[in-house]
Amino acid sequence: MNEILRLSVRQLTQAIRARELSVTEVVTSYLDRVKEADSQIRAFLSIDPESLLQEAGKLEARIAEGEQAITPLTGIPVAIKDNMATKGIRTTCGSRILENYLPPFDATVIARLKEKGALILGKTNCDEFAMGSSTENSAYFPTRNPWDTERVPGGSSGGSAAGVAAWEAPLALGSDTGGSIRQPAAFCGVVGLKPTYGRVSRYGLVAFGSSLDQIGPLARTVEDAALLLEAIAGPDPADSTCSERLPDAYSASIGKDISGLRIGVPTGWFGAGLDPRIERKIRFALTTLEALGCTIEEIQLPHTEYAIATYYIVAPAEASSNLARYDGVKFGYRAPGELDLETMYKETRSQGFGEEVKRRIMIGTYVLSSGYYDAYYLKAGKMRALLANDYRAAFEKVDLIVGPTTPSLPFKLGEKTEDPLQMYLSDVYTVTANLAGIPAISLPCGFTEERLPVGLQIQAPHFQETKLLQVGHALEKELAIEHPQLPL
Amino acid sequence: MAVDVTQVEKTADLAKLRFTPGELQRFTVTFQEILAYFAQLQAVSTEGVEPMYHALLQESPQTPMREDEVKPSLGPDASLANAPRTAEQQFVVPRVVE
């Protein structure tokens, strides 16, 4: 494998600054790798090598003329999940209804990356409108897990996670509404972080669950993820739900001593539903944290058992509202023929949306409709408050919460597609963070005998991403997981 | 609360979705399973609990406001660029007025 691919983001930008490497060399290395691996992995929906090389050349010229300062992301190609607006680059959200949609604007996170001299490598595959846990709901094709191409990469940010894991991109952006960054990160053996709700602007992120969605980084190391988070986080007047708090210096805090931190382990998270191979790795990581000077204690998050039901009422409800805009009028697919308005709406949407999207719109519409609103949506809102309270109480006793990211190892393609409820249950450890709005990270904590990755999740109080990154980095360094040789 | 095909049809109508009879039957079955799963929430007491819809409500209870100044916006060409049917700088829709 090309040695350039093995360099960290910090090493890449240092080499670019010292003129040891050109931006074109970096970009070419990644494009070559995409060419080599992506016909099997299928992480990308849209990638334009010629355009990218032109951008690289222009960037080099700007750097040479002193017009572009070298930031920690300058010259770095970043893969972007296809539910974020990239001006002039097709943005499909993994759906046929947006097959030819060309956004006339950049999402705030994209504009920030470009300002810093990062390059948009391409758009990655995802479950349609970010609804799914395996990327099998993409209207185009499934993405494969680089560790075993018969298995799913997870979802909905499966393309971003697989792309980073297969060395096709040094960094990627994903989005997380119920676990869609963390779960694919766990399944693909990479780092994935969901920021606090409101930490990163959602302007230009195609809305799924507006009170739950967050954009976040995927990377091969915690430090790389911190560098990407730093580049995109912060206030944005274009998103009224984006916090006005300034972000912390995430990458600068990495490496600080973590001894004395109190780690809470939720008892209810280690029951019968958890694969023992995952449990073993998590328990070992916990003893490692103890060796690093942390204290471990059991905590309770009593309403966790209701989290999936709560989430699968709230998220589809919000989705049913957010997806009402896909009506064939202002953008996207429109059913052909001279149809009356009602028929045009129904045909456009029924032909343009896939099955899971329709299912969630239906659930959402039902739980919001007159006569059912109180029993479902209002009830779920109250459950959400109880869950947020569980976390508040827990964080009075501990600084961080640690547990598994997923109850199972990456499953085979087709294994869970017949039973939607089974698929929903794989989100059991991740949805709680979205419901409470707290930040959470998944990082690899080992590989099983079958050479499948296991993800460990750390959760922190609101706006304490720094603690996640500090502990994540310390654990990563101490565990020093040796990744097996990739099949490709 | 069980749900039958008529209710599913009504919901589809509200959501502006159309299902074939076969799809409707299959969908109703899945829907029933999912709603049955939601029923467990009824067992939890939420007496006196205020619903939570926004994670940062405590921190920013008011929607942030700005001065009412005109700022740059997309403009007609960019706004119409992805529309399936346009005419004279307008989105064309099926006739809605008799």
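The following exchange examines the strands and salt bridges of a predicted model.

Colleague: Why is A:Asp82 said to form a salt bridge with A:Lys123?

Modeller: A salt bridge requires a side-chain nitrogen of Lys or Arg within 4 Å of a carboxyl oxygen of Asp or Glu. The closest N and O atoms of A:Asp82 and A:Lys123 are 3.0 Å apart, so the pair meets the criterion.

Colleague: What makes this pair a tie between separate parts of chain A?

Modeller: A:Asp82 belongs to the loop between β2 and α4 (108–115) of chain A, whereas A:Lys123 belongs to strand β3 (residues 119–124), so the salt bridge ties together parts that are 41 residues apart in sequence.

Colleague: Is A:Asp82 buried or exposed, and what is the status of A:Lys123?

Modeller: Buried means under 20% relative accessible area. A:Asp82 has a value of 0% and is therefore buried; A:Lys123, at 0% relative accessibility, also counts as buried.

Colleague: How do you know that A:Arg96 and A:Glu99 form a salt bridge, and how is the accessibility of A:Arg96 classed?

Modeller: The closest N and O atoms of A:Arg96 and A:Glu99 are 2.9 Å apart, and the limit is 4 Å. Partly exposed residues fall between the 20% and 50% limits. A:Arg96, at 35% relative accessibility, is therefore partly exposed, and A:Glu99, at 27%, is partly exposed as well.

Colleague: What separates A:Glu356 and A:Arg360 in helix α11 of chain A?

Modeller: The two residues are 4 residues apart in helix α11 (residues 355–368), which means a separation of about one helical turn. A:Glu356 and A:Arg360 form a salt bridge, with their closest N and O atoms 2.8 Å apart. Set against the 20% limit, A:Glu356 is buried at 8% and A:Arg360 is buried at 2%.

Colleague: Which residues are joined into one network by salt bridges that share partners?

Modeller: That network consists of A:Glu342, A:Lys346, B:Asp13 and B:Lys16. Over all chains, a search of the whole structure finds 20 salt bridges.

Colleague: Why is strand β4 of chain A called mostly covered?

Modeller: Strand β4 spans residues 171–176, and 6 of its 6 residues are buried, that is, under 20% relative accessible area. A:Leu171, A:Leu173 and A:Ser175 point one way from the strand, while A:Ala172, A:Gly174 and A:Asp176 point the other way; all are buried.

Colleague: How do you know that β4(A) pairs with β2 and with β6 of chain A?

Modeller: Pairing demands at least two bridges between two strands. Strand β2 (residues 77–81) and β4(A) have 3 bridges in the parallel sense, whereas β4(A) and β6 (residues 214–219) have 6 bridges in the antiparallel sense. A:Leu173 is the bridge partner of A:Ile80, and A:Leu173 also stands opposite A:Pro217 in β6(A).

Colleague: Which strands stand at the edges of the sheet in chain A?

Modeller: The open sheet has 11 strands in the order β1-β3-β2-β4-β6-β5-β10-β11-β9-β7-β8, with mixed pairing. Strands β1 (44–46) and β8 (295–299) each have a single partner strand, so one side of each lacks a neighbour in the sheet. On average, neighbouring strands of this sheet are turned by 30 degrees against each other, direction ignored.

Colleague: What joins β10 to β11 in chain A, and which helix lies across both?

Modeller: Strands β10 (residues 440–447) and β11 (residues 453–459) run antiparallel and are joined by 7 bridges; A:Ala440 stands opposite A:Gln459 in β11(A). Helix α8 (residues 276–291) of chain A lies across strands including β10 and β11, at about 50 degrees to β11(A).

Methods:
Residues are numbered from 1 along each chain as its sequence is written. Chains are lettered from A and ligands numbered from 1 in the order in which they are written. This is a predicted model: local features need pLDDT of at least 70, side-chain atom pairs count only at pLDDT 80 or more; totals for chains, interfaces and linings use all residues. Side-chain values use heavy atoms; hydrogens and water are left out. Buried means under 20% relative accessible area, exposed over 50%, partly exposed in between (1.4 Å probe, protein chains only). Axes are lines fitted to C-alpha atoms, for helices over the stretch in contact, and angles run from 0 to 180 degrees between N-to-C directions. Contact means heavy atoms within 4.5 Å.
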